[in-house]
Amino acid sequence: MSTSDPTASPTTFDLERRVDSADTTLHNPRYAVVALGSNLGNRLETLQGAVDTLADTPGLKIKAVSAVYETPALGGPGEQPNFYNAVVVLRTTLPPRSLLERANAIEDAFGRVRTVRWGARTLDVDILSYEGVTSDDPVLLLPHPRAHERAFVLAPWADADPAGELPGLGLVADLLKELGGEGAQGVLRREDIQLRLPE
């Protein structure tokens, strides 16, 4: 496990070797889509750190990372800084709850504070969908119940996976068109900055 991972704890060499070995040979991985957002601090650096930390996760392989999109904050207190948003498409052998725990740990590692609902935050890591799984558990709703209403989710998702589908609702690209296309809801694709896909 990479020591650059801010959520990692030291492990013995044997455990690290076995985890790394398992990570290179994922058996029966599932497709999952994760949304990233940040509107506090160095937003681009935070999103890249989240991508890198996901890539360091045993049992998970990143397949695609979207362009960065900037959008005004929706809901919550007024006068918030704009968000940077991106979507990561991955294959994983982690069960949904374990992926959620990892997402929460990454948020915490990058200073996420949960005091005001929909308030400004250093990092959001939300699971949008997980192949073959639907859930009405309030702790982990799958697919994400508001994804189809949010251009800042659909635009980067369509960029990362043009054939992406939101289970039960249809193609992501079609859902985005229904909202008005890539520029809907004030969403702006940032051509001047980008996230790196981990090697």
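Residues 8-25 have pLDDT under 50 throughout. Over this stretch the model holds twelve contacts beyond four places in sequence. Where pLDDT is low, the predicted coordinates should not be read in detail. The structure is a predicted model, and its confidence can be given for the protein as a whole: the mean pLDDT is 85, with 81% of the residues at 70 or more.

The helices H4 and H5 offer a packing to follow in the structure. H4 covers residues 151-160, and H5 covers residues 172-179. Their axes lie 9 Å apart, and the angle between them is about 140°. Angles over 145 degrees would count as roughly antiparallel, and the pair is therefore classed as oblique. The crossing of H4 past H5 is left-handed. On the H4 side, the contact is made by Ala151, Leu154, Ala155, Trp157 and Ala158. H5 contributes Val172, Ala173, Leu175, Leu176 and Leu179.

The loops on either side of this pair each hold a backbone feature. Ahead of H4, the loop that starts from strand S7 (140-142) contains proline 143. The peptide bond leading from leucine 142 into proline 143 is cis, and its omega is near -10°. After H5, glutamine 185 sits in the loop that runs to strand S10 (188-189). Glutamine 185 is not a glycine, yet its phi is positive, at about 55°.

Aromatic side chains are the last topic. How many aromatic pairs does a search of the whole structure find? The search returns zero. A ring does take part in another kind of arrangement, with a charged side chain: arginine 43 lies over the face of tyrosine 84. The distance from arginine 43 to the centre of that ring is 3.8 Å.

Methods:
Residues numbered from 1 in each chain as written. Predicted model: local features only at pLDDT ≥ 70, side-chain atom pairs only at ≥ 80, totals over all residues. Heavy atoms only, no water. pLDDT = per-residue confidence, 0-100. Contact = heavy atoms within 4.5 Å. Phe/Tyr/Trp six-rings, centres within 6.5 Å; stacked < 30°, edge-to-face > 60°. Lys NZ or Arg CZ within 6 Å of the ring centre and 35° of its normal. Axes fitted to C-alpha atoms, helices over the stretch in contact; angles between N-to-C directions. Helix = DSSP H or I, 4+ residues; strand = E, 2+ residues; numbered from the N terminus. Parallel < 35°, antiparallel > 145°, perpendicular 65-115°, else oblique. Left-handed = near helix turned anticlockwise from the far one by under 90°.
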